[in-house]
Every structure is written in C-alpha cells, then in structure tokens.
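Colleague: Please take a close look at the surroundings of the ligand. Walk me through them, then place them in the chain.

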Amino acid sequence: LKLNGFNGIRWYRPLKLKQVLHLKSLYPDAKLINGNSEVGVETKFKNAQYKVLISVTNVPELLTLKVKEDGIHIGSSVRLAQLQNFLRKVIVERDSHEISSCEAVLRQLKWFAGTQIRNVASVGGNICTASPISDLNPLWMATGAKFEIIDVNNNIRTTPAKDFFLGYRKVDLRPDEILLSVILPLTKPFEFVKEFKQAHRREDDIALVNAGMRVYIKEAGGDWIISDVSIIYGGVAAVPLRASKTENFLTGQKWDYGLLDETFDLLKEDIPLPENAPGGMVEFRSSLTLSFFFKFFLYVTHEMN
Ligand code: FAD
C-alpha cells in the first residue's frame, strides 16, 4: 500500500468501512470520491491534483437508509436519487405530522441539478463540499439534522449540522475523519419545515438564494406561540447563514400577521448584502430573503388551518 516513489494516481475502491479507514490512516490527504460531480470539476477545470483517490460508493456502512428512534439515518454515500425514493416511501408510511422535514428535502431535491447528477451525486459529497450555495445544507441546519463522523480509530462523534460549516468550503472534519451519516429528525405535531430555492432557471441551475426554515408552534392559553424556530439562508455568505436576531425575536411570539413587520426589519439586519456582494443582483437577492419568509409564514398558516 505504500506509494514508494510511484508518481501516478492511486485509485482504491474498498468494500468495507474498515478498509476505508485504514486507507485514510495511511493517506490522510486522500480524496474520497462518490459521484465525482464536484471532484471531477476540480480536477478537469480547476487544475486540482489528487494523488490518492478512494471511491466509497460500494461501502455498505456508508449506504444506510433507515428510520430509527432519533430520525432517518442516511449514509454519506447514499445517492440523491436513492434518497428521493426512500423519502417517498417514508412519506407514505409515517404519520402526517412526522414527515414535514422529509417533504421539504424531497421538494428541494426535485430542483437539485438534473436526473443525471442526482443519479450519481451523494449526500456526503454535497455536505463535505460545503458550497455556499448548496441546496441541502441550509435544510440540514434548519431541520436540526446531526452528522455522524468517524475517525480512523473507529471513534464516532456526532455534531449538529448547524455547527459543521466553519468557513468558505471548510468543514469540521479532521484529515483522519470522514462523514459517516446524516440523522434527519422526524417532525412533531405543529412543527413545520419548508425549503426555498430561487434560480434563473427551474431545472439544473444553481440558486441565487436558497433557504431552509422550521418552526415549532405550541398552544398556550388559547394562542399559538412560537416555541422554536430556525431560519437559514444559503447563497448570501461564505457559509449558510442563520438569521439569529430574527429567530430570537420570533421565539415566544404569537404566530399571526402582527409579527411580519418586525421580522422583515430584522431579516435585513441578519442578512446584509453589501452592494459589492459576490454574485451581484443585490437588491433582488435581498428581496428574496424577505419573500421566502413571507411564503413560509403563509405556508405554515395554511398548514395550521
Ligand atoms: P464528489 O465529487 O464525489 O465529492 C465531493 C467532495 O466531498 C470531495 O471533496 C470528497 O472528498 C468529499 N466527500 C465525499 N464523501 C465524503 C465523506 N463520506 N466524508 C468526507 N468527505 C467526503 N449542488 C447543489 O447543491 N445544487 C444543485 O442544484 C447542484 N447542481 C449541480 C449541477 C451540476 C451539473 C454539477 C456538476 C454539480 C451540481 N451541484 C449542485 C454540486 C454537486 O453535484 C453536489 O455537491 C453533489 O452532491 C456532490 O456529490 P458527489 O457525490 O458527486 O461528490
């Protein structure tokens, strides 16, 4: 397994997690590959060079798809098309209040790239690329998903998706760690999740702005009070951005039209897009951040009636 002066590229295709971890311990800089839809672009067009490539498409431990107590366990090598099929099944089988997150992810996947990419691209490949415009990362954060990470010594740690993205294409993974799986929680009664994506074209296009939003509303003294809320935008900063001031304001508020004005004001503070923001179209993208929330408000209000 030693490279010993070998100058070409090494390609491994292990069939067990144990072997993946062993290879990773020998070659901490090795690049894991799933669908190659991101790495392929890097090597072909961005002159990236990787000496050791580990294809992890055929490792059963990375292909889990299972509903457990704490949510849906999704192996990092699960392809997006497989995830779509699985979520469709879960949506039919589970109680209607449990599936709001599943429905949001499924709707987002409909507009994720095209069929060819979804057939090969993996959940883990999208997460670990940490693209600021990833269509799924804001949703993993908003839904309260957790990521399971395994190191070369077989130690597993779990981290909330909201803490995983550290900077521009930088994630909380050491060279001796890989992403094992995602745990997507099922929703409770009166917990609602919604996805958003606005692109130039509907099909196979990158988002101008996207978002994931979740709210959990409880009845108290005849009013519907916001108990917990997550509002995450993608495409507006180097990492998916949490609208923290807005979330703080909304928590404890009554779910009615009265909250809208203040929410819009706070969203402008939370998601500032300076005139020279990368991606341009600043006015349009700013207005999208507000209109996404308005759509979310209407969606939840409609679901509650
Ligand atoms: P790969 O290229 O195989 O890997 C990507 C990165 O993840 C590599 O750095 C790899 O080492 C790392 N990695 C993979 N698995 C692991 C693991 N288990 N642990 C640690 N690191 C790991 N993205 C969107 O969000 N929305 C879109 O609409 C969209 N459209 C696209 C359209 C086209 C035409 C193309 C080419 C790309 C598009 N993308 C889009 C981006 C890309 O397809 C996705 O990010 C995809 O999910 C990447 O998955 P992959 O399996 O192909 O990744």
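Modeller: First, the classes: Ala, Val, Leu, Ile, Met, Phe, Trp, Tyr, Cys and Pro count as nonpolar, Asp, Glu, Lys and Arg as charged, and the others, Gly among them, as polar. On that basis, the shell around the ligand holds 15 nonpolar, twelve polar and three charged residues. Keep in mind that this is a predicted model.

Now the residues themselves. There are 30 around the ligand, and those that come nearest are Asn34, Gly35, Ser37, Gly125 and Asn126. Four elements give two or more residues to this shell: strand E2 (31-33), helix H2 (39-45), helix H6 (123-129) and strand E10 (177-184). Helix H6 gives the most, with five residues. Two of the nearest residues, Gly125 and Asn126, fall in the range of H6, 123-129.

The domains come next. Domain 1 (10-55) and domain 2 (60-184) each supply at least three residues to the shell around the ligand.

Then the chain as a whole. Ten helices and 14 strands make it up in secondary structure terms. Its radius of gyration is 20 Å, close to the 19 Å from the globule rule for 305 residues, so the chain is as compact as a globular protein of that length. Along the principal axes, the C-alpha atoms fill a box of roughly 70 × 45 × 30 Å. Of the 305 residues, 37% are buried. Take the contacts with a separation of 6 or more: 64% of them join residues 24 or more positions apart.

How values were computed
Residues numbered from 1 in each chain as written. Predicted model: local features only at pLDDT ≥ 70, side-chain atom pairs only at ≥ 80, totals over all residues. Near = placed C-beta within 6 Å. Domains from an automatic or database assignment. Rg over C-alpha atoms; globule rule 2.2 N^0.38 Å. Buried ≥ 20, exposed ≤ 12 C-beta atoms within 10 Å, placed from the backbone. Contact = placed C-beta atoms within 7 Å.
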